Amino acid sequence: MNLSLDNRTYVVMGVANKRSIAWGIAQALSNAGARLIFTYAGDRLEKNVRQLADTLDRDDSIILPCDITDDEEIEKTFATIKEEVGVIHGLAHCIAFANTDELKGEYLNTSREGFLLAHNISSYSLTAVTKAARPLMTEGGSIVTMTYLGGERVVQNYNVMGVAKASLDASVKYLANDVGKDGIRVNAISAGPIRTLAAKGISDFNSVLKQIEERSPLRRTVTPEDVGNTALFLMSDLSSAITGEMIHVDSGFNTIS
Ligand code: N5H
């Protein structure tokens with residue numbers, strides 16, 4: 001048994017640019033021999049994804065739009081994937097969103113609308129895409145989502161995203177139980193903070209990163225490559241009995257008080 005993903009196809013959702021965690025995952029899977037299908041939200045990101053996909057060693061990637069707030073579009077996207085490749089072996093869900101103005105101050109100021117938006121995009125979407133992907137995973141497979149420590153404990157400013165991640169983390173366990181009988185595993189990677197487009201504009205991100213450098217057991221921040229390598233492990237047969245699990249890729253920061 002090894003890390004090879006030869007003759008396997010994976011869906012990667014959430015590449016925005018070359019700094020994206022989703023792109024770190026895509027590169028690791030591609031280097032292990034996987035064929036990739038990318039989905040993006042909004043025409044603005046299509047060009048970025050195409051340009052990045054062009055830098056991969058193989059030229060059979062498929063790039064499709066998928067607005068995960070739209071059930072019809074999810075259905076359409078996965079119908080196209082079925083037509084194009086028939087079977088998929090896994091999916092990386094790297095999607096989250098909350099209103100910027102609700103990622104600071106007190107959590108209790110979260111609006112109903114902002115709460116529902118964050119939960120819809122950051123949590124329910126995993127359930128929706130797992131449901132759509134399941135019929136294509138006829139050979140079993142592995143679904144990986146991205147979470148963060150702020151779902152397990154209070155992290156300053158994470159606010160409604162923390163509550164949405166707690167919901168996502170619970171979904172991972174319930175989904176894992178539902179699809180386990182089909183040989184499909186569902187796991188989450190809890191990454192340390194990384195300077196991505198989503199993290200842009202977040203106040204004091206520098207000091208968050210500095211804290212990881214100073215206080216984490218490994219005394220360094222993590223990279224999309226670190227996360228990509230863990231995603232590769234979770235997609236491969238080496239993790240064959242791991243499901244409903246959360247793996248921290250955070251230089252050990254979660255263990256420190
Ligand atoms: C404690 C922190 C810092 C404060 C909270 C950060 C939360 C970040 C997650 C969400 C997903 C960021 C977000 O939705 C930003 C949007 O309001 C504005 N940005 C965008 O629309 C850009 C253009 C697009 C690409 O973003 C999205 N989401 O589509 C947490 C940090 C220390 C760690 C961290 C950054 C965690 C995380 O969940 O990403």
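# Patches, bridges and backbone: a chat about the model

Biologist: Is leucine 238 buried, partly exposed or exposed?
Modeller: This is a predicted model, so read everything here as computed. Leucine 238 comes out at 39% relative accessibility. Buried needs under 20% and exposed needs over 50%, so at 39% leucine 238 lands in between and counts as partly exposed.

Biologist: Where is leucine 238 found?
Modeller: Look past the helix α7, which covers 224–235, and stop before the strand β7, which covers 246–249. Leucine 238 is found in the loop between α7 and β7.

Biologist: How much area does the nonpolar surface patch with Met1, Leu3 and Leu238 have?
Modeller: Residues need over 30% relative accessible area to join a patch, and leucine 238 has 39%. Together, Met1, Leu3 and Leu238 make a nonpolar surface patch of about 330 Å².

Biologist: And charge, then: which residues form the positive surface patch with Lys200?
Modeller: Start from lysine 200 itself, which sits in the loop between β6 (184–191) and α6 (205–215). It counts as exposed because its relative accessibility is 65%. Its partners in the positive patch are Lys18, Arg19 and Arg195.

Biologist: How many disulfides does a search of the whole structure find?
Modeller: The cut-off is two cysteine sulfur atoms within 2.5 Å. Searching the whole structure gives no hit, so the number of disulfides is zero.

Biologist: How far from cysteine 66 is the nearest cysteine sulfur?
Modeller: Cysteine 66 is in no disulfide, and the nearest cysteine sulfur belongs to cysteine 94. Going the other way, cysteine 94 is in no disulfide either, with the sulfur of cysteine 66 as its nearest. The separation is 13 Å.

Biologist: Is cysteine 94 buried or exposed?
Modeller: The limit for buried is under 20% relative accessible area. Cysteine 66 is buried at 3%. Cysteine 94 is at 15%, so it counts as buried.

Biologist: Now the salt bridges: what does the count come to?
Modeller: In general, side chains of opposite charge can pair when their charged atoms come close. The rule here asks for a side-chain nitrogen of Lys or Arg within 4 Å of a carboxyl oxygen of Asp or Glu. By that rule, the salt bridges come to six.

Biologist: Which residue forms a salt bridge with arginine 8?
Modeller: The closest N and O atoms of the pair are 2.8 Å apart, and the acidic partner is aspartate 237. This pair links distant parts of the chain, 229 residues apart: the acid in the loop between α7 and β7, arginine 8 in the segment before β1 (9–13). Arginine 8 is buried at 18%, while the partner is partly exposed at 33%, and that partner is aspartate 237.

Biologist: How many residues apart are aspartate 182 and arginine 134?
Modeller: Their side chains meet in a salt bridge at 2.6 Å, N to O. Aspartate 182 is in the loop between α5 (159–179) and β6, and arginine 134 in the loop between α4 (112–133) and β5 (141–147), which puts the pair 48 residues apart.

Biologist: What is the N to O distance between aspartate 226 and arginine 220, and which residues are joined into one network by salt bridges that share partners?
Modeller: The side chains of aspartate 226 and arginine 220 meet in a salt bridge at 2.9 Å, N to O. Salt bridges that share partners make one network of Arg35, Arg58 and Asp60.

Biologist: On to the backbone: what is the phi of arginine 219?
Modeller: Arginine 219 is found in the loop between α6 and α7, and it is exposed because its relative accessible area is 53%. It is not a glycine, yet its phi is positive, at about 55°.

Biologist: What value is the phi of serine 251 near?
Modeller: Serine 251 is found in the segment after β7 and counts as buried at 6%. It is a residue other than glycine with a positive phi, near 60°.

Biologist: How far apart are the C-alpha atoms of isoleucine 247 and serine 190?
Modeller: Isoleucine 247 lies in strand β7 and is partly exposed, with a relative accessible area of 22%. Along the chain, isoleucine 247 and serine 190 are 57 residues apart, but their C-alpha atoms are separated by 5.9 Å.

Key. Residues are numbered from 1 along each chain as its sequence is written. This is a predicted model: local features need pLDDT of at least 70, side-chain atom pairs count only at pLDDT 80 or more; totals for chains, interfaces and linings use all residues. Side-chain values use heavy atoms; hydrogens and water are left out. Patches are made of residues with over 30% relative accessible area and no salt bridge: like charges are joined within 9 Å, nonpolar side chains (Val, Leu, Ile, Met, Phe, Trp, Tyr) within 5 Å. Accessible areas come from the Shrake-Rupley method with a 1.4 Å probe; for residues, only the protein chains shown count as cover. Lys and Arg count as positive and Asp and Glu as negative; His and the chain ends are not counted. The place of a charge is taken as NZ of Lys, CZ of Arg, CG of Asp or CD of Glu. Helices (H or I, at least four residues) and strands (E, at least two) are DSSP runs, numbered from the N terminus. Buried means under 20% relative accessible area, exposed over 50%, partly exposed in between (1.4 Å probe, protein chains only).
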